[in-house]
Number of protein chains: 2
Amino acid sequence: MIVIDYQDKRPIYEQIIDRFQILILNGALEPDMQLPSVRALAVELSINANTIQRAYSELEHRGLIYSVKGRGNFVSAQQDVVKEQQEKLLEELRTQLQVCKESGIEFIHVLDCVREIYQEVKV
Amino acid sequence: MIVIDYQDKRPIYEQIIDRFQILILNGALEPDMQLPSVRALAVELSINANTIQRAYSELEHRGLIYSVKGRGNFVSAQQDVVKEQQEKLLEELRTQLQVCKESGIEFIHVLDCVREIYQEVKV
DNA sequence: CAAAGTGTATTAATTGTATTAGTACACTTA
DNA sequence: TAAGTGTACTAATACAATTAATACACTTTG
């Protein structure tokens, strides 16, 4: 379910956050579904439990999961929270698009990228 | 010409790299134009000269500038180098687009972002 | 030639973050 | 009661970013 890429320069906890966020936003993890326990996932990924804890704390802070002492962590995913996080992703996309524009990349080339990613059929 | 954002979590040298790269890619800095000296820019930005040196080294490694001992740093900007860096930016854009897609963001919303950034006229 | 300005290299010290390790406590479930 | 859960805390380690202080080689200018 979760894979750590040690080539990736980003911190481990950030990778975990991003993976779970994607799974929650696209509905792969449904509301009230239980997440792996902090300790279990730590063992599975061969990393320290504190690192998992840090990731879960941030996910809770974003409203994507909720935690119950003694029971575990569960998917929250109220629709407005999903929308909010998707809007944040679009804001990051705008920033990247702005850089592309300022770097002299033409509209058509950006458009080709969007089609390339979003189209199922070959170009 | 260059501004440091201390709110930005990215390292200073990276911000400097990105700013100069944009100025070179879009042609604001023309080939063989001289860049501020390592020491002068350090004073202007109130940071250490080593940080500037690090940024210039990376820009040279990308082929965007060339340095001459005793004289200074100058814009290289061969057209193929420009194309190469633009392609790197598009690759980053693809990654971000993939995240958007996997996060359940619809094609139309992404398209709106692209139009919003690239259109001069109001939507 | 001498001075000033340039890039470059090196070492040391400081700071902040990521990660691991170990422990402890409160809670829930079987 | 025992096992499993979240949570909090401290300590130690490792690494990256940044600053600081030199030093050296080179070029330009007076």
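A salt bridge is taken here as a side-chain nitrogen of Lys or Arg within 4 Å of a carboxyl oxygen of Asp or Glu. By this criterion E102(B) and R19(A) form a salt bridge, with 3.9 Å between the closest N and O atoms. The model is a predicted one, in which local features need pLDDT of at least 70 and side-chain atom pairs count only at pLDDT 80 or more, while totals for chains, interfaces and linings use all residues. Residues are numbered from 1 along each chain as its sequence is written, chains are lettered from A and ligands numbered from 1 in the order in which they are written, and side-chain values use heavy atoms, with hydrogens and water left out.

Across the interface of chain A and chain B, 4 salt bridges are found. Polar contacts (pairs of N or O atoms within 3.5 Å; within protein, one must be able to donate a hydrogen and the other to accept it, and residues adjacent in sequence count only if both atoms are side-chain atoms) join 14 residue pairs across this interface, both residues being at pLDDT 80 or more. On the side of chain A that touches chain B, two or more residues come from each of α1, α4 and α5 (107-118) of chain A; helices are DSSP runs of H or I with at least four residues, strands are runs of E with at least two, and both are numbered from the N terminus. The largest share of this side, 13 residues, is supplied by α4(A). Its composition by class is 16 nonpolar, 8 polar and 8 charged residues, where Ala, Val, Leu, Ile, Met, Phe, Trp, Tyr, Cys and Pro count as nonpolar, Asp, Glu, Lys and Arg as charged, and the others, Gly among them, as polar.

In terms of contact (heavy atoms within 4.5 Å), 32 residues of chain A meet 32 residues of chain B. The two chains bury about 3,400 Å² between them, 69% of it on carbon and sulfur atoms; buried area is the accessible area (1.4 Å probe) that two parts lose on being put together, summed over both. Q86(A) lies in helix α4 (residues 79-102) of chain A. Apart from neighbours within four places in sequence, Q86(A) is in contact with L25(A), S103(B), G104(B) and I105(B). Q86(A) counts as buried because its relative accessibility is 11%, the classes being buried under 20% relative accessible area, exposed over 50% and partly exposed in between (1.4 Å probe, protein chains only).

Over all chains the structure holds 16 salt bridges. In chain B, R94(B) pairs with E87(B) at 3.1 Å between the closest N and O atoms, and with E91(B) at 2.7 Å, N to O. R94(B) and E91(B) are 3 residues apart in helix α4 (residues 79-102) of chain B, about one turn of the helix. R94(B) is buried at 15% relative accessibility, whereas E87(B) is partly exposed at 38% and E91(B) is partly exposed at 42%. A network of salt bridges links E87(A), E91(A), R94(A) and E116(B). A further salt bridge joins R10(B) to D18(B), with closest N and O atoms 2.5 Å apart; R10(B) is partly exposed at 34%, and D18(B) is partly exposed at 25%.

DNA strand C is surrounded by 24 residues, the closest being I12(A), Y13(A), N50(A), R54(A) and S67(B); a residue is near a strand if one of its heavy atoms lies within 4 Å of it. Of the strand C atoms within 4 Å of the protein, 60% belong to sugar or phosphate and the rest to bases. An N or O atom in the side chain of T51(A) is 3.0 Å from a phosphate oxygen of strand C, and a polar side-chain atom of R39(B) is 2.8 Å from a base oxygen. The most residues, 3, come from α3(A).

DNA strand D is likewise surrounded by 24 residues, of which S67(A), N73(A), I12(B), N50(B) and R54(B) are the closest. Sugar and phosphate make up 61% of the strand D atoms that come within 4 Å of the protein. The side chain of R39(A) has an N or O atom 2.9 Å from a base oxygen of strand D, and that of N50(B) has one 2.7 Å from a base nitrogen. A polar backbone atom of I12(B) lies 2.5 Å from a phosphate oxygen of strand D. The surface near strand D has 6 nonpolar, 11 polar and 7 charged residues, and α3(B) gives the most to this surface, with 3 residues.
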